[in-house]
Amino acid sequence: MLFLVALFPLIGFLANGLWHALVQARSVRSGSLIPGLVGSAAIGTSFLASLLLFVRLKGMPVGQRVIEDVLFNWLTIGNLSIDVAFRLDPLSSIFLLFITGVATLIHLYSIGYMEDDETPAKFFAYLNLFCFSMIVLVLGGSLPLTFLGWEGVGLCSYLLIAYWYSDPEKASAGKKAFIVNRIGDVGFMIGMFIIFAKFGTLDIAALRTLVQQAQEAGAAGIDIGMITTVCICLFVGCIGKSAQIPLFVWLPDAMAGPTPVSALIHAATMVTSGVYLVARMNFLYDLSSTALHVVAITGLATALFAASIAVAQTDIKKILAYSTISQLGFMFLGCGVGAYAAGVGHVVTHAFFKALLFLGAGNVIHGMHQQQDITKMGGLKTKMPKTFLAFAAGALAISGIPPFSGFFTKDEIVWRAYSSPEGSVWFWALALFTSVLTAFYMTRLFSLTFLGKPRFQKSAQTPGESFRVHEAPAVMVIPIQILAVLSVIGGFIAIPHLNWLEHWLSPVLGQPHDAAAAAGGSGMEWLLMLVSTAAAALGIFIGLKMYANLARVDRIKERWDWVTGVLRNKWYVDEVYGFVLIRPIYRLSLALWRGFDIAVIDRAVLGFGKATEWTGQTARLIQTGSIQVYAFVILIGILVTAGYLLYGVA
Amino acid sequence: MNISPGFFYVFAGTSILFSLLVILNRSAIASAFSLLVVFFSFAGIYALLDAHLVAALQVLIYAGAILVLFIFVIMLLNVEQASFDYKRGRVLTGVFAAFGAFGMVFLLGRVFRSASAPAQPGPFSPENVQAAGGNTQVLSELLFSEYVLPFELTSVLLLAAIVGSVAIAKRGAVEKKSKEAK
Amino acid sequence: MNQVEPWVVLSFCSIIFFIGFTGLLIRRNVLVVLMCIELMLNAVNLTFVTYAKQLQNLGGQVAVFFIITVAAAETAVGLGLVVAMFRTLRSVDTDQIQLLRE
């Protein structure tokens with residue numbers, strides 16, 4: 001039964017894929033409606049199935065909330081036996097719900113966004129394939145199966161980022177995404193190898209049992225060093241997939257893909273698989289403080305770093321991209337201080353408001369006729385009112401203003417950063433500062449795009465053509481509005497002290513430490529909550545005030561140009577990578593190619609051919625065509641043979 | 001073997017001398033005539049060896065038909081006297097072949113010398129042959145009794161040779177083809 | 001004194017045979033080459049006859065009978081070929097009949 005959830009998008013992929021390969025490739029312009037409906041129906045059915053499964057899971061007693069579906073044995077080599085087994089437990093059911101739900105909305109949105117595209121069936125086929133891979137990732141009962149989904153989403157990410165591959169820049173972005181992801185995947189694989197070597201199995205439930213048994217048998221029996229190594233290796237995979245430092249460089253470039261892709265893959269689903277992995281393997285991470293610290297510090301550093309860059313960007317999608325990186329950092333911070341449920345909570349709410357923000361940006365881009373530079377926007381409040389309202393909801397959610405969803409989950413992380421035994425005041429302080437930055441740059445984005453006076457009539461347009469900005473069609477507005485509602489009320493599943501989400505996830509993620517007692521009582525908690533709210537409000541206030549007066553902004557920018565320059569150029573990370581890593585590797589490859597591949601291997605291979613040719617040419621000289629020469633050879637033969645045979649006789 | 005050494009050595013010497021002339025002569029017709037002398041000497045040796053029919057056939061067919069055919073063709077084609085026979089490659093080949101021939105003959109001589117006579121000679125001793133009517137009679141009887149199959153096959157072979165040589169040497173077919181080739 | 005050992009005759013045959021072989025190798029005139037072939041055949045005939053006498057078995061002479069016949073047929077056909085070749089090449093030089101080269 002479980003596998004049906006994965007099967008529907010796979011069928012959608014095949015249907016749309018075949019349609020594309022057989023029909024559309026012969027350039028039959030058929031529009032995006034039918035492929036889109038097929039794709040949306042596929043993933044929508046998955047969503048319904050997820051709901052049903054969730055309800056079923058809820059009806060089961062707490063300790064036994066697992067639905068398993070073993071399909072077949074994938075491979076058995078020696079001691080290694082991997083089954084294709086899907087396992088649904090509270091954690092994966094939550095992921096499954098928001099993945100399929102948000103994906104359905106984005107599919108519907110794409111019907112409108114891609115209506116002028118030449119190959120919509122291909123697009124929806126890829127989207128469905130992506131959903132299939134993501135579902136496999138989340139439902140995978142063993143690490144290899146999850147890894148299969150992991151690679152699958154990486155592949156689909158590449159296919160979709162480079163969707164308009166005739167533009168070399170977009171194709172490069174796809175390549176960059178795939179390659180950087182792959183670097184992270186090496187870590188994942190090494191982690192799997194070590195796990196198999198030490199534990200003998202890669203099945204997650206089995207691993208959990210083994211670790212529990214080892215814990216009960218006594219802490220001395222566990223090799224913490226090995227566990228730390230495994231955790232860090234797996235986390236390297238997460239760094240690649242979820243765009244943390246130092247492997248985040250692909251995500252901003254990935255904005256070259258169509259906006260629905262950015263919304264689905266790079267906001268709501270694929271990038272959260274890293275968080276899923278850490279949460280899933282929490283029983284390992286709990287054993288190693290070192291690993292948890294690595295996760296937390298990486299997450300925090302990334303959050304701060306990315307937020308600083310977002311402050312200075314001018315492309316609407318790039319701002320949202322860096323915002324995603326920053327929020328992912330928050331999620332890892334949450335996991336890194338032991339509060340996995342807090343991290344997962346933020347994953348869910350982030351999916352809602354980030355998808356909303358991206359789709360809203362899509363509406364803006366669509367309405368502004370492919371313009372993405374916010375310095376050339378402004379005043380869209382009146383031109384695109386529905387988008388404006390929804391976007392506002394998303395911005396407030398991400399800034400962390402109660403009672404929007406982002407507040408509850410982000411605040412939970414911040415609180416846990418302060419109060420958890422793995423956390424510290426510094427974590428809290430830096431996280432708080434990052435929240436201020438988040439509010440600030442979101443407000444900046446919002447203000448420059450929707451508020452103030454329009455700046456785009458000044459930009460050169462085709463003479464005679466009126467540059468009319470219009471609201472998006474209904475099919476693109478309604479999904480946003482649904483997401484806006486979710487962004488508002490979605491946080492209520494994680495209200496502190498009534499935290500339904502935490503309790504739901506506790507069989508998998510463990511009970512959180514009773515933080516209130518440890519860190520100064522519940523009074524502290526409420527106080528810090530107020531501080532968080534105040535911080536968010538401060539960020540918004542500064543943003544609004546500053547960007548109401550654009551001339552002053554320009555003056556400030558000029559004065560602090562050396563700072564804004566660094567931020568605008570993303571701290572020159574890509575350039576540093578290029579110089580330190582890419583150029584030497586390229587030079588080395590070139591040298592190897594010339595010095596070894598051509599000089600040695602090619603010579604050897606061609607040498608064989610030449611030797612054979614030479615032998616043939618030499619041998620053909622025997623064929624002189626003159627019978628007297630042949631007779632001479634016969635004579636020699638006679639002499640030799642007779643001499644040899646008759647010598648003894650004579 | 002009970003033959004006259006004098007005659008034998010005379011015939012043998014003549015044969016060797018003239019066969020050397022065959023291979024060393026410049027003009028083809030001279031070679032042909034030297035070959036004729038060789039054939040006659042051989043016939044003599046056959047006669048010495050009591051192979052009377054063979055001796056007669058040697059003269060009749062070899063000297064009388066084959067050699068005549070050679071001479072016809074030589075005169076028909078009117079081949080120019082080749083002064084180009086002696087090329088360096090051929091001389092070297094000849095020298096080598098001569099040495100090889102010497103070696104082989106020497107070797108074979110020793111082999112023949114060491115071979116012993118068979119224990120039981122066959123039924124055709126000279127006396128028996130004489131008694132049965134002479135060499136020709138006995139040979140003919142053999143041909144038509146024991147060896148009649150090869151005999152008949154040989155006649156088929158002769159037929160094939162006739163047809164073949166006519167077909168190959170016919171003027172019309174060859175010239176048409178050579179004209180088309182041009 | 002009335003004896004000639006068989007091996008003498010046989011050695012004589014091999015001398016003639018190799019003289020013919022040498023001629024086959026060194027002559028450029030096709031007709032002379034054919035004549036050398038006849039020489040070789042004759043040497044073989046004599047070998048047969050010698051053995052027929054030594055072993056007192058007339059089978060050797062029968063063989064000679066057939067060899068002579070076949071030699072005649074072969075000469076006829078061979079000379080026909082020479083004539084045909086002469087018509088195309090206008091010469092009887094063995095160096096010019098190397099179409100089967102390589």
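This is a short tour of a predicted model, stop by stop, with something to select at each one.

Before you start clicking: residues are numbered from 1 along each chain as its sequence is written, while chains are lettered from A and ligands numbered from 1 in the order in which they are written. Because this is a prediction, local features need pLDDT of at least 70 and side-chain atom pairs count only at pLDDT 80 or more, whereas totals for chains, interfaces and linings use all residues; side-chain values use heavy atoms, with hydrogens and water left out.

**Stop 1: chain B**

Select chain B and colour it by secondary structure. You should find eight helices and zero strands (helices are DSSP runs of H or I with at least four residues, strands are runs of E with at least two, and both are numbered from the N terminus). Walk along the sequence and the pattern reads α-α-α-α-α-α-α-α.

Of the 182 residues here, 37% are buried (under 20% relative accessible area; exposed is over 50%, partly exposed in between, with a 1.4 Å probe and protein chains only). Switch on the surface: chain B has about 10600 Å² of accessible surface, and 69% of that belongs to carbon and sulfur atoms (Shrake-Rupley method, 1.4 Å probe; for residues, only the protein chains shown count as cover).

**Stop 2: where chain C meets chain B**

Now add chain C. Here 70 residues of chain C are in contact with 81 residues of chain B (contact means heavy atoms within 4.5 Å). The size of an interface is often given as the accessible area lost when the parts come together. For chain C and chain B, that comes to about 7300 Å², 76% of it on carbon and sulfur atoms (the loss is taken with a 1.4 Å probe and summed over both parts).

Next, look for charges. Which side chains meet in a salt bridge? Select B:Asp50 and C:Lys53, which sit 2.9 Å apart, N to O. The rule finds one salt bridge across this interface (a side-chain nitrogen of Lys or Arg within 4 Å of a carboxyl oxygen of Asp or Glu). On the side of chain C that touches chain B, the elements giving two or more residues are α1 (6-26), α2 (30-55) and α3 (59-89) of chain C. The largest share, 23 residues, comes from α3(C).

**Stop 3: C:Ile16**

Stay in chain C and pick C:Ile16, in helix α1. Is C:Ile16 buried or exposed? At 0% relative accessibility, C:Ile16 counts as buried. Show what C:Ile16 touches and you get residues from two chains: B:Ser15, B:Ile16, B:Ser19, B:Phe42, C:Leu39 and C:Ala43, leaving out residues up to four places away in sequence.

While you are in chain C, click on C:Gln56 in the loop between α2 and α3. C:Gln56 is not a glycine, yet has a positive phi of about 55 degrees.

**Stop 4: where chain B meets chain A**

Bring in chain A. The contact takes 11 residues from chain B and 11 residues from chain A, and the two chains bury about 920 Å² between them, 81% of it on carbon and sulfur atoms. In chain B, select B:Phe96, B:Met104 and B:Leu107: they lose the most area to chain A, together 46% of what that side buries. Salt bridges between these two chains number zero.

**Stop 5: the cores**

Which residues touch the most other members of the largest nonpolar core? Among its 168 residues, they are A:Leu143, A:Met281 and A:Tyr285 (such a core is a set of buried Ala, Val, Leu, Ile, Met, Phe, Trp, Tyr and Cys residues joined through side-chain atoms within 4.5 Å). Helix α15 (residues 340-367) of chain A gives the largest share, 16 residues. Zoom in on A:Tyr285, whose contacts include A:Cys231, A:Phe235, A:Val278 and A:Tyr340. There is also a second, separate core of 65 residues, including C:Phe12, C:Leu39, C:Val62 and C:Val82.

**Stop 6: loops of chain A**

Find the loop between α8 (224-241) and α9 (250-253), home of A:Pro246. The peptide bond from A:Ile245 to A:Pro246 is cis, with omega near 0 degrees. In the loop between α8 and α9 you can also select A:Ala243, which has a positive phi of about 55 degrees without being a glycine.

Another cis peptide bond joins A:Pro402 and A:Pro403, with omega about -5 degrees. Look for A:Pro403 in the loop between α17 (385-399) and α18 (405-419).

Last, select A:Thr624, between α26 (573-619) and α27 (627-646). A:Thr624 counts as buried because its relative accessible area is 19%. Beyond neighbours within four places in sequence, A:Thr624 is in contact with A:Val629, A:Tyr630, C:Gln98 and C:Arg101.
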